[in-house]
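Thanks for sharing this one with me. Below are my notes, set out as numbered points so that you can follow them with the model open beside you.

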Amino acid sequence: MINWSTTRTPVGPFSAVVDDDGAVLASGWTARLDELTALIGRRLLTGQPREVADLGPVSRAVRAYHEGDLQAVDAVPVRQSSGEFLEAAWQALRKVPAGQPVSYAELAALAGQPKAVRAAAGACARNAAALFVPCHRVLRSDGSLGGFRYGTQIKQQLLDHENR
């Protein structure tokens with residue numbers, strides 16, 4: 001059974017879609033289920049998500065992160081499916097520490113393909129599990145924000161939160 005829920009956070013509503021084994025399939029700063037299900041690979045979305053009041057460990061991790069425990073989301077399992085490079089980039093993103101953003105070029109190198117800078121940016125753009133796969137921690141080489149599915153204002157707020 002796939003469940004979903006929305007948690008209020010200081011930067012807006014945050015929703016997650018979670019598989020029956022507790023793995024996040026999609027998440028982000030939205031209260032709209034359709035925005036998240038559109039990001040989930042067809043073979044991973046095995047049914048219509050059921051809305052629940054709380055997602056247990058996932059909801060606790062989201063609240064703890066926003067309350068200042070920046071590592072709270074690190075242990076939450078995530079399941080995304082794509083090609084080899086995208087999956088490597090998403091795994092590399094999970095290892096980028098809070099408060100230590102990397103450039104798209106550095107992400108490409110961490111994912112094992114230093115010349116794949118555009119592909120690294122694409123991995124961020126295609127990341128379905130925002131926060132748990134922290135694509136907000138990737139900046140342009142000049143230090144500017146670059147893009148973020150949920151807006152650069154939220155990206156900046158997250159980076160500021162992680163630098164307090």
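**Notes on the fold and its core**

1. Let me begin with a loop. Leu131 sits in the loop that links H5 to strand E6 (138–139). Its phi is near 80°, a positive value in a residue that is not glycine. Please keep in mind that this is a predicted model, so I would simply flag this backbone angle for your attention. Is Leu131 buried or exposed? Its relative accessibility is 1%, and because buried means under 20%, Leu131 counts as buried.

2. Now to the sheet. Four strands make up an open sheet with mixed pairing, in the order E3-E2-E1-E4. The edge positions belong to E3 and strand E4 (50–51); each has a single partner strand, so one side of each lacks a neighbour in the sheet. Being at an edge does not leave E3 uncovered: five of its five residues are buried, so the rest of the structure largely encloses this strand.

3. The E1 and E2 pair is easy to follow by eye. Strand E1 (residues 3–9) runs antiparallel to E2, and seven bridges connect the two. Two residues form the hairpin link from E1 to E2. If you want a register mark, take Thr7, whose bridge partner in E2 is Phe14.

4. On its other pairing, E2 meets strand E3 (residues 24–28), again in the antiparallel sense, over four bridges. This hairpin has five residues between its strands, and Gly22 in the turn has a positive phi of about 95°. Two register marks help here: Ala16 stands opposite Ser27 of E3, and Val17 has Ala26 as its bridge partner in E3. Strand E2 itself (residues 12–18) is mostly covered, with six of its seven residues buried.

5. Val17 deserves a closer look. This residue belongs to strand E2, and it counts as buried because its relative accessibility is 0%. Which residues does Val17 contact beyond its neighbours within four places in sequence? They are Ile2, Asn3, Trp4, Ala23, Val24, Leu25, Ala26, Leu33, Leu36, Ile40 and Pro49. The C-alpha atoms of Val17 and Thr37 are 7.8 Å apart, although 20 residues separate the two along the chain.

6. Val17 also leads us to the core. The largest nonpolar core has 55 residues, and those touching the most other members are Val17, Trp29, Val58, Leu93, Leu107 and Phe132. At least two residues of this core come from each of E2, E3, helix H1 (33–37), helix H2 (57–66), helix H3 (84–93), helix H4 (104–110), helix H5 (117–126) and helix H6 (152–162). H3 gives the largest share, six residues. As background, nonpolar side chains in soluble globular proteins tend to be buried together.

7. H2 is the helix to view against the sheet. It lies across E1, E2 and E3 and runs at about 20° to E1. Seven of the 10 residues of H2 are buried, so to speak the helix is mostly covered; the buried ones are Val58, Ser59, Ala61, Val62, Ala64, Tyr65 and His66. Among the elements covering them are E1, E2, E3 and H6. Just after H2 comes Gly68, with a positive phi of about 120°.

8. Finally, the H3 and H5 packing. The axes of these helices are 9 Å apart and the packing angle is about 75°; H3 and H5 are therefore roughly perpendicular to each other. Which residues meet there? From H3 they are Phe85, Leu86, Ala89, Trp90 and Leu93, and from H5 they are Ala119, Ala120, Gly122, Ala123, Cys124 and Arg126. By type, the residues of this contact divide into nine nonpolar, one polar and one charged. Leu93 is worth selecting on its own: leaving out residues up to four places away in sequence, it touches Leu107, Cys124, Val133, Pro134, Cys135 and Val138.

Conventions. Residues are numbered from 1 along each chain as its sequence is written. This is a predicted model: local features need pLDDT of at least 70, side-chain atom pairs count only at pLDDT 80 or more; totals for chains, interfaces and linings use all residues. Side-chain values use heavy atoms; hydrogens and water are left out. Buried means under 20% relative accessible area, exposed over 50%, partly exposed in between (1.4 Å probe, protein chains only). Two strands pair if DSSP finds at least two bridges between them. Contact means heavy atoms within 4.5 Å. A nonpolar core is a set of buried Ala, Val, Leu, Ile, Met, Phe, Trp, Tyr and Cys residues joined through side-chain atoms within 4.5 Å. Axes are lines fitted to C-alpha atoms, for helices over the stretch in contact, and angles run from 0 to 180 degrees between N-to-C directions. Angles under 35 degrees count as roughly parallel, over 145 as roughly antiparallel, 65 to 115 as roughly perpendicular and the rest as oblique. Ala, Val, Leu, Ile, Met, Phe, Trp, Tyr, Cys and Pro count as nonpolar, Asp, Glu, Lys and Arg as charged, and the others, Gly among them, as polar.
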